[in-house]
Amino acid sequence: MSLDPNARAGLDTDRIAHLRPFADWVALSDAVRASDEDLAWLHSDEPTAGSSAGRGSS
């Protein structure tokens, strides 16, 4: 199974409710495809300056 979150910040008014099942969906997926915009929306509450968290190994 593959997952493409295709986040739509302007359409999804309850980000927290959308994110609750997201980790489960990722765990069930064989492949996850996400754009930079998807990742920015999904991780908008995390610091990004100089961070590579969630983008491969360090």
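This report describes a predicted model of a protein, from its overall layout to a few single residues.

## Overall layout

The protein has 58 residues. Its secondary structure consists of three helices and two strands. Read from the N terminus, these elements follow the order β-α-α-β-α.

Of the residues, 16% count as buried. The accessible surface amounts to about 4,600 Å², and carbon and sulfur atoms account for 52% of that area. Among contacts between residues at least 6 apart in sequence, 69% join residues at least 24 apart.

## Confidence of the model

The mean pLDDT of the protein is 74, and 72% of the residues score at least 70. The elements do not all score alike: helix H1, residues 15–19, has the lowest mean pLDDT, at 77, while strand E2 has the highest, at 92.

## The nonpolar core

The largest nonpolar core is made up of five residues: Leu3, Ala7, Phe22, Trp41 and Leu42. Phe22 lies in helix H2. Apart from its neighbours within four places in sequence, Phe22 is in contact with Leu3, Pro5 and Leu42. Of these contacts, Leu3 and Leu42 are also listed in the core.

Phe22 has a relative accessible area of 13%, so it is classed as buried, the cut-off being under 20%.

## The aromatic pair in helix H2

The model contains one aromatic pair. It is formed by Phe22 and Trp25, with an edge-to-face arrangement: the ring centres are 6.2 Å apart and the planes stand at 75 degrees to each other. Both residues belong to helix H2, where they are three residues apart, about one turn of the helix.

The two partners differ in exposure. Phe22 is buried at 13%, whereas Trp25 is partly exposed, because its relative accessible area is 36% and that class runs from 20% to 50%.

## Val26, also in helix H2

Val26 is another residue of helix H2. Its relative accessibility is 32%, and therefore Val26 counts as partly exposed. Setting aside residues up to four places away in sequence, Val26 touches Leu3 and Val32. Leu3 is one of the core residues named above.

Val26 and Met1 are 25 residues apart in sequence, and their C-alpha atoms are 9.7 Å apart in space.

## Ser29, in the loop after helix H2

Ser29 sits in the loop between helix H2 (22–28) and strand E2 (31–32). Although it is in a loop, Ser29 counts as buried because its relative accessibility is 13%. The side chain of Ser29 reaches the backbone oxygen of Trp25 at 2.7 Å, and Trp25 is the residue that pairs with Phe22.

Beyond residues up to four places away in sequence, Ser29 touches Met1, Ser2 and Leu3. For Leu3, the separation along the chain is 26 residues, while the C-alpha atoms of Ser29 and Leu3 are 6.2 Å apart.

## Asp38, in helix H3

Asp38 is part of helix H3, which covers residues 36–42. With a relative accessibility of 4%, Asp38 falls under the 20% limit and so counts as buried.

Leaving out neighbours within four places in sequence, Asp38 is in contact with Asp4, Pro5, Asn6 and Ala7. Two of these residues appear elsewhere in this report: Pro5 is also in contact with Phe22, and Ala7 is a member of the largest nonpolar core.

Methods
Residues are numbered from 1 along each chain as its sequence is written. This is a predicted model: local features need pLDDT of at least 70, side-chain atom pairs count only at pLDDT 80 or more; totals for chains, interfaces and linings use all residues. Side-chain values use heavy atoms; hydrogens and water are left out. Helices (H or I, at least four residues) and strands (E, at least two) are DSSP runs, numbered from the N terminus. Buried means under 20% relative accessible area, exposed over 50%, partly exposed in between (1.4 Å probe, protein chains only). Contact means heavy atoms within 4.5 Å. A nonpolar core is a set of buried Ala, Val, Leu, Ile, Met, Phe, Trp, Tyr and Cys residues joined through side-chain atoms within 4.5 Å. A polar contact is a pair of N or O atoms within 3.5 Å; within protein, one must be able to donate a hydrogen and the other to accept it, and residues adjacent in sequence count only if both atoms are side-chain atoms. pLDDT is the predictor's confidence in each residue, from 0 to 100. Accessible areas come from the Shrake-Rupley method with a 1.4 Å probe; for residues, only the protein chains shown count as cover. Rings of Phe, Tyr and Trp (its six-membered ring) pair if their centres lie within 6.5 Å; planes under 30 degrees apart count as stacked, over 60 as edge-to-face and the rest as tilted.
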